[in-house]
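User: Could you walk me through this structure and tell me why things get the labels they do? I'm in my first year, so keep it simple.

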Amino acid sequence: MRLALVLAGRYPDVRGSQVLVQQLADGLRGRGHGVHLVTYGAAASGRPGPRFGRVARDAALVARLWRTVRREAIDLIHAHNYEAAIASLLVGRATGRPVVYHGHNALAEELPLYFRARLARELARQLGRLLDAHVPRRADFCIAVTEELGEILRRRGVAARDLTCIAPAAAPRDAAVHRPRSGQEALVCYAGNLDGYQNLGFLLRSFARVRAWLPAARLVLVTHAAPGVLRRAVGPGVEIVRATSYDEVRARLDAADVAVSPRVERSGFPMKLLNYMAAGKAIVASAGSAKGLRDGVTGRIVPDGDEAAFAAAVIELLSDPTARAALGTAARRAVEDARAWDGVLDRVETVYRNVLAARSAARAELGAGRSALGVAE
């Protein structure tokens with residue numbers, strides 16, 4: 001198959017969506033498919049979230065995808081997230097190519113978190129609900145990264161027969177490159193973007209409680225993004241480190257004692273969890289983001305919004321090397337099985353084949369109908 005994987009974002013980058021798209025592209029190429037990535041390219045990183053400056057980039061994305069589909073004789077377009085889906089639907093309709101929508105989140109949940117004013121948040125929520133209801137169901141098929149997102153999309157009008165839930169899995173090479181080691185100090189690591197939905201204000205408040213009990217504890221926020229206003233919010237023992245490559249992120253994770261995921265948005269799948277597990281780290285996660293974790297087995301899961309419980313779990317693990325090692329070993333073992341990643345690729349390929357077969361059958365039926373009308377005349 002000749003495939004176009006579309007993402008409305010900077011590429012390459014170390015954000016979760018970009019990592020998943022890169023892994024899919026590599027895996028599908030390894031199975032003999034022709035894969036073309038259509039993205040913003042190496043554009044300068046801007047402020048996260050919705051803004052007018054993205055309109056020009058999205059228009060350029062449409063033009064780039066159009067050229068790719070025509071030049072490379074693309075069979076199917078695989079769009080990741082909403083802007084890419086809109087661009088793909090425009091090009092898909094114009095060129096007769098089917099579109100698979102890969103949902104990474106529900107906009108009604110995520111979009112309001114980029115705003116502070118109550119009115120702006122409510123308007124963003126309504127816009128998100130509108131897009132959740134109208135964009136995914138216009139694709140030929142939908143993939144959701146979590147069951148929670150799948151349920152949201154079904155409630156918003158996507159037919160059950162046109163949707164499947166495929167959770168990401170760690171690519172085998174991700175676990176292989178890590179060399180887990182215990183830090184020489186009480187080091188906590190967050191690795192990811194600094195967008196509003198990550199709930200980093202909660203993390204900083206929780207870590208202040210950790211420092212009250214363990215003054216030597218340190219928190220490092222490893223990110224690709226400029227810290228912006230977050231830099232003014234950090235307190236003692238907190239460092240923001242900009243990573244220019246995935247190898248830098250791995251190195252910081254390898255040196256950490258505990259890795260954290262504070263976000264509470266439930267529809268998405270935090271790719272950072274797979275990175276933490278591959279690194280063999282003890283993990284503390286809010287319930288909303290604890291995808292694939294088992295409390296007390298592969299991580300510690302605490303109630304959403306409970307700063308005291310989050311801090312207590314971090315303190316407990318920083319104080320107990322044996323518990324840290326047990327959780328980290330179990331987490332790493334859970335993602336080392338190459339069959340999990342192969343299973344993801346198998347299911348994605350099945351979606352492609354079914355969509356192309358359905359499109360071919362519809363064309364044959366239409367052709368037969370036209371032939372019948374011609375005979376009747």
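Analyst: Sure. In this predicted model, R70 lies over the face of W66, 5.6 Å from the ring centre.

User: What makes R70 count as lying over the face of W66?

Analyst: A charge has to be within 6 Å of the ring centre and within 35 degrees of the ring normal. R70 is at 5.6 Å from the centre of the W66 ring and is listed as lying over its face.

User: How many aromatic pairs turn up in the whole structure?

Analyst: A search of the whole structure gives 3 aromatic pairs. One of them is Y114 with Y197, with ring centres 6.4 Å apart.

User: Why is the Y114 and Y197 pair called edge-to-face?

Analyst: Rings pair if their centres lie within 6.5 Å, and planes over 60 degrees apart count as edge-to-face. Here the centres are 6.4 Å apart and the planes sit at 70 degrees, so edge-to-face is the right label. Y114 is in the loop between α4 and α5, while Y197 is in the loop between β7 and α8, so the pair ties together parts that are 83 residues apart in sequence.

User: Is Y114 buried or partly exposed? And what about Y197, buried or exposed?

Analyst: Buried means under 20% relative accessible area. Y114 has 22%, so it counts as partly exposed. Y197 has 9%, so it counts as buried.

User: What makes F202 and F310 an edge-to-face pair?

Analyst: Run the check again: the planes must be over 60 degrees apart. F202 and F310 have 85 degrees between their planes and are 5.4 Å centre to centre, which gives an edge-to-face pair. F202 belongs to helix α8 and F310 to helix α12, 108 residues apart, and the pair links these distant parts of the chain. F202 has 3% relative accessibility, so it is buried. F310 has 1%, so it is buried as well.

User: On to the sheets. What is the strand order in the one with β1?

Analyst: The order is β2-β1-β3-β4-β5-β6, an open sheet of 6 strands with parallel pairing.

User: Why are β2 and β6 called edge strands?

Analyst: Each of them, β2 (34-38) and β6 (163-165), pairs on one side only. Neighbouring strands in this sheet are turned by 20 degrees against each other on average, direction ignored.

User: How do you know that β4 and β5 pair?

Analyst: Pairing takes at least two bridges. β4 (residues 99-103) and β5 (residues 141-144) have 4 bridges, in the parallel sense. For instance, V100 stands opposite F141 in β5.

User: Which strands does helix α2 lie across?

Analyst: Helix α2 (residues 53-71) lies across β1, β2 and β3, running at about 160 degrees to β2. Helix α6 (residues 147-155) lies across β4, β5 and β6, at about 160 degrees to β6.

User: Why is L5 called buried?

Analyst: The cut-off is under 20%, and L5 has a relative accessible area of 1%, so it is buried. L5 lies in strand β1. Beyond its neighbours within four places in sequence, L5 is in contact with residues including V21, L24, V35, H78 and Y352.

User: What is the order of the sheet that holds β7?

Analyst: That one is also an open sheet of 6 strands with parallel pairing, in the order β9-β8-β7-β10-β11-β12. Its edge strands, β9 and β12, each pair on one side only. Neighbouring strands here are turned by 25 degrees against each other on average, direction ignored.

User: What makes β11 and β12 a pair?

Analyst: At least two bridges are needed, and 3 join these parallel strands. In β12, V302 is the bridge partner of S286. Helix α12 packs on this sheet, touching β7, β10, β11 and β12, with its direction at about 175 degrees to that of β11.

User: How do you know that the length of helix α3 agrees with what it should span?

Analyst: At 1.5 Å a residue, the 14 residues of α3 should span 20 Å, and the end C-alpha atoms are 20 Å apart, so the two agree. Just after α3, G96 takes a positive phi of about 75 degrees.

User: Last one: is R353 buried or partly exposed?

Analyst: Partly exposed lies between 20% and 50%, and R353 has 45% relative accessibility, so that is its label. R353 lies in helix α14. The C-alpha atoms of R353 and M1 are separated by 9.0 Å, although these residues are 352 apart along the chain.

Notes:
Residues numbered from 1 in each chain as written. Predicted model: local features only at pLDDT ≥ 70, side-chain atom pairs only at ≥ 80, totals over all residues. Heavy atoms only, no water. Helix = DSSP H or I, 4+ residues; strand = E, 2+ residues; numbered from the N terminus. Buried < 20%, exposed > 50% of the residue type's maximum accessible area, 1.4 Å probe, protein only. Contact = heavy atoms within 4.5 Å. Axes fitted to C-alpha atoms, helices over the stretch in contact; angles between N-to-C directions. Phe/Tyr/Trp six-rings, centres within 6.5 Å; stacked < 30°, edge-to-face > 60°. Expected span 1.5 Å × (residues − 1).
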